[in-house]
Amino acid sequence: MKHKRKKILIAAAVLCLAVVIGFIVHRLLKPEKEPYRIVLIPKIVDETNDFWTSLISGAEMAAQEFGVELEVRAGTSEEDFEGQNQILQEVILEKPDAILMAPCSFTESTELLKEVRKQKIRLGLVDSIVNESVEDLIVATDNVYAGKCLGEYVAGQIGDIEPCIAVIGHVKGSSTAQQREAGIRDGLGEYEPYIKEVVYCGSVYDKAYELAGELMDKYPDLNVLIGLNEYSAVGMARAVRDAGKEDVIFVVGFDSSIEEIQLMEEGIFQGIVIQKPFNIGYLSVSQMVKFLENQNIKHNVDSGYELITMENLYTEENQKLLFPFVE
């Protein structure tokens with residue numbers, strides 16, 4: 001009986017040893033999982049633009065955290081949808097695991113983005129969208145509501161004067177320009193008919209400056225200027241400052257560059273709606289990784305926004321939004 005029990009114990013030990021050895025061999029022979037390869041195609045890479053710089057920084061931080069191979073490619077301007085489409089065609093041929101793109105145009109990249117899906121490449125739209133639902137994931141500001149917030153703020157500050165309003169947009173035909181303008185018109189309410197003109201600067205600071213000067217000459221009673229992104233807002237604010245009309249024209253805009261904050265402190269800007277570009281970049285990569293790993297995610301991720309005025313500029317919470325810490 002003792003002899004039989006001894007044999008059983010020896011057999012069990014051998015079996016356990018075999019299992020352990022098999023597990024070790026399997027781990028040693030099993031190749032390490034290749035990191036996901038994701039290509040980010042923003043509208044532009046521009047070191048003078050805090051929005052895109054911060055968005056890319058957020059994406060890079062997430063890529064490092066999640067062990068992703070991230071490549072960033074972009075055209076030469078936010079208007080250059082043809083150049084962006086050329087980059088997109090090249091990336092499709094390389095077949096990465098996923099593409100994250102901020103479309104320059106609402107309509108001109110749709111067919112190519114459909115091809116991304118046909119090639120079984122996962123697709124995330126970042127910051128901007130297109131005219132058809134072609135994506136697996138959207139990470140963006142709710143631009144309609146952000147525009148409405150800014151419009152309501154302007155309407156609340158008009159008082160007894162008769163408004164004379166002009167809007168300087170960035171790229172005509174981009175989803176962000178269309179949605180923000182629609183939101184602003186909604187938020188202005190009864191003052192919406194007082195919008196005299198909407199012009200576009202092509203996301204060029206100097207062009208926005210020039211357009212603002214032309215608007216001030218064309219409409220001597222101009223008393224509200226609204227900029228729809230960093231380029232348009234900063235360019236027009238510089239023009240108002242240089243014309244010495246900061247006490248005459250109520251200036252508001254979008255985004256949160258260092259220069260915009262300085263212009264607010266100087267009394268040029270009365271309000272800015274800030275997006276959260278670092279969050280947009282970070283969430284785009286992190287949510288796409290979860291999607292690639294078949295985890296449940298929200299299809300449409302609202303990255304949030306905040307209205308900044310001199311009254312709340314220096315709050316701790318808003319300082320963190322305006323100056324996100326990046327290690």
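How many bridges join strand β5 to β11? In this predicted model, the count is three, and the two strands run parallel. Strand β5 covers residues 137–140, and one of its residues, Ile 138, stands opposite Asn 300 in β11.

That pairing belongs to a bigger picture. Six strands line up in an open sheet, in the order β2-β1-β3-β4-β5-β11, and the pairing is parallel. At the edges sit β2 (69–72) and β11 (300–302), each of which pairs on one side only. Between neighbouring strands of the sheet there is an average turn of 15°, with direction ignored.

Moving inward, β3 has β1 on one side and β4 on the other in the strand order. β1 and β3 are linked by four bridges in the parallel sense, and Val 39 has Ile 99 as its bridge partner in β3. Four bridges also link β3 to β4, again in the parallel sense; here Met 101 is matched with Leu 125 of β4. Side chains in a regular strand alternate between the two faces of the sheet. β3 shows this nicely: Ala 98 and Leu 100 point one way, Ile 99 and Met 101 point the other way, and all are buried.

Next come the helices lying on these strands. Helix α2 (residues 50–66) stretches across β1 (37–41), β2 and β4 (122–126), and its direction makes an angle of about 160° with β2. Helix α3 (residues 81–94) lies across β1 and β3 (98–101), at about 175° to β1.

Besides lying across strands, α2 meets another helix, α10 (residues 277–292); their axes come within 6 Å and cross at roughly 35°. This crossing is right-handed. On the α2 side the contact includes Phe 51, Leu 55, Gly 58, Ala 62 and Phe 66, while α10 brings residues including Phe 278, Gly 281, Tyr 282, Val 285 and Val 289. Sorted by class, the contact has 13 nonpolar, five polar and one charged residues.

A second helix pair is made by α5 (residues 143–157) and α6 (residues 175–188), which pack at an angle of about 40° with their axes 6 Å apart. Their crossing is right-handed too. Among the residues that meet here are Val 144, Gly 147, Leu 150 and Gly 151 of α5, and Thr 176, Arg 180, Gly 183 and Ile 184 of α6. The class mix of this contact is six nonpolar, seven polar and four charged residues.

What about the inside of the protein? The largest nonpolar core holds 30 residues, and Ile 168, Leu 215, Leu 222, Leu 225 and Phe 269 have the most contacts inside it. At least two residues of this core come from each of β6 (165–169), α7 (205–218), α8 (230–243), α9 (258–265) and β10 (269–275). Leu 215 makes a handy example: once neighbours within four places in sequence are set aside, it touches Ala 166, Ile 168, Glu 197, Val 199, Leu 222 and Leu 225. Another core, of 27 residues, lies apart from this one and includes Ala 62, Tyr 205, Val 285 and Val 289. Three of those names are already familiar, as Ala 62, Val 285 and Val 289 also take part in the contact between α2 and α10.

Two loop residues have a backbone angle worth a look. Lys 95, in the loop between α3 and β3, has a phi near 50°, a positive value in a residue other than glycine. Asp 127, in the loop between β4 and β5, also has a positive phi, of about 75°, although it is not a glycine. Are these residues buried or exposed? Lys 95 has a relative accessibility of 51%, so it counts as exposed, the cut-off being over 50%. Asp 127 has only 4% relative accessibility and therefore counts as buried, which calls for a value under 20%.

Finally, the whole chain can be put into numbers. The protein has 11 helices and 12 strands, and 50% of its 327 residues are buried. Among contacts with a separation of 6 or more, 73% come from residues 24 or more positions apart.

Notes:
Residues numbered from 1 in each chain as written. Predicted model: local features only at pLDDT ≥ 70, side-chain atom pairs only at ≥ 80, totals over all residues. Heavy atoms only, no water. Pairing = 2+ DSSP bridges. Axes fitted to C-alpha atoms, helices over the stretch in contact; angles between N-to-C directions. Contact = heavy atoms within 4.5 Å. Left-handed = near helix turned anticlockwise from the far one by under 90°. Nonpolar A, V, L, I, M, F, W, Y, C, P; charged D, E, K, R; others polar. Core = buried A, V, L, I, M, F, W, Y, C linked by side-chain atoms within 4.5 Å. Buried < 20%, exposed > 50% of the residue type's maximum accessible area, 1.4 Å probe, protein only.
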